[in-house]
Amino acid sequence: MTMDFNNQTGNLPLGLSMAVAMNEQVKAGYDSLTETEKEHLILKCKDAKSKEEIDRIIASLDPAENIGSLFRGPSIG
């Protein structure tokens, strides 16, 4: 049985889905998150007010970055 990438990422915002599909570091970072962290990340992307904010969120998925920093500090909203 083959896995359809669209089914795997169907709930991801378009920018995040494309970044995961096209960048191995971003995919590795996303895959290393817990399910709860993935849900928070998806919500952050959906709530982003600009492309720059989404780019910053996606860049944080680079394993060299501290992904945990996304989930600390003041919450949005």
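Let me start with K38, which sits in helix α4 of what is, I should say at once, a predicted model. With a relative accessibility of 13%, K38 counts as buried, because the cut-off for that label is under 20%. Leaving aside residues up to four places away in sequence, K38 touches Y30, D31 and L33.

That brings us to Y30, whose contacts, again not counting residues up to four places away in sequence, are L12, L16, V20, K38, L41, I42 and L61. Y30 is also among the residues with the most contacts inside the largest nonpolar core, together with L16, V26, L41 and L61, and that core has 14 residues. The elements that give two or more residues to this core are α2, spanning 14-22, α3, spanning 24-31, α4, spanning 35-47, and α5, spanning 51-59. As a general point, nonpolar side chains in soluble globular proteins tend to be buried together.

Now to helix α3, where the buried residues are V26, G29 and Y30. If you look down the axis of α3, these buried residues fall within an arc of 100°, and so they line one face of the helix. In general terms, an α-helix has 3.6 residues a turn, so residues three or four places apart point the same way. As for what covers the buried residues of α3, the list includes α2, α4 and α5.

How do α2 and α3 lie relative to each other, parallel or perpendicular? Their axes come within 5 Å and cross at roughly 110°, and because angles of 65 to 115 degrees count as roughly perpendicular, that is the description that applies to this pair. On the α2 side the contact is made by L16, A19, V20 and M22, and on the α3 side by E24, V26, K27 and Y30. By character, the residues of this contact divide into six nonpolar, no polar and two charged.

Finally, let me return to helix α4, which is also the place of C45. C45 is buried, with a relative accessible area of 4%. Not counting residues up to four places away in sequence, C45 touches P13, L16, I54 and I57. The pair C45 and I57 is 12 residues apart in sequence, while the C-alpha to C-alpha separation in space is 7.1 Å.

If you have the model open, L16 is a useful residue to end on, since L16 is found in the contact of α2 with α3, appears among the contacts of Y30, and is touched by C45 as well.

Technical notes:
Residues numbered from 1 in each chain as written. Predicted model: local features only at pLDDT ≥ 70, side-chain atom pairs only at ≥ 80, totals over all residues. Heavy atoms only, no water. Core = buried A, V, L, I, M, F, W, Y, C linked by side-chain atoms within 4.5 Å. Buried < 20%, exposed > 50% of the residue type's maximum accessible area, 1.4 Å probe, protein only. Helix = DSSP H or I, 4+ residues; strand = E, 2+ residues; numbered from the N terminus. Contact = heavy atoms within 4.5 Å. Axes fitted to C-alpha atoms, helices over the stretch in contact; angles between N-to-C directions. Parallel < 35°, antiparallel > 145°, perpendicular 65-115°, else oblique. Nonpolar A, V, L, I, M, F, W, Y, C, P; charged D, E, K, R; others polar. Arc of directions from axis to C-beta.
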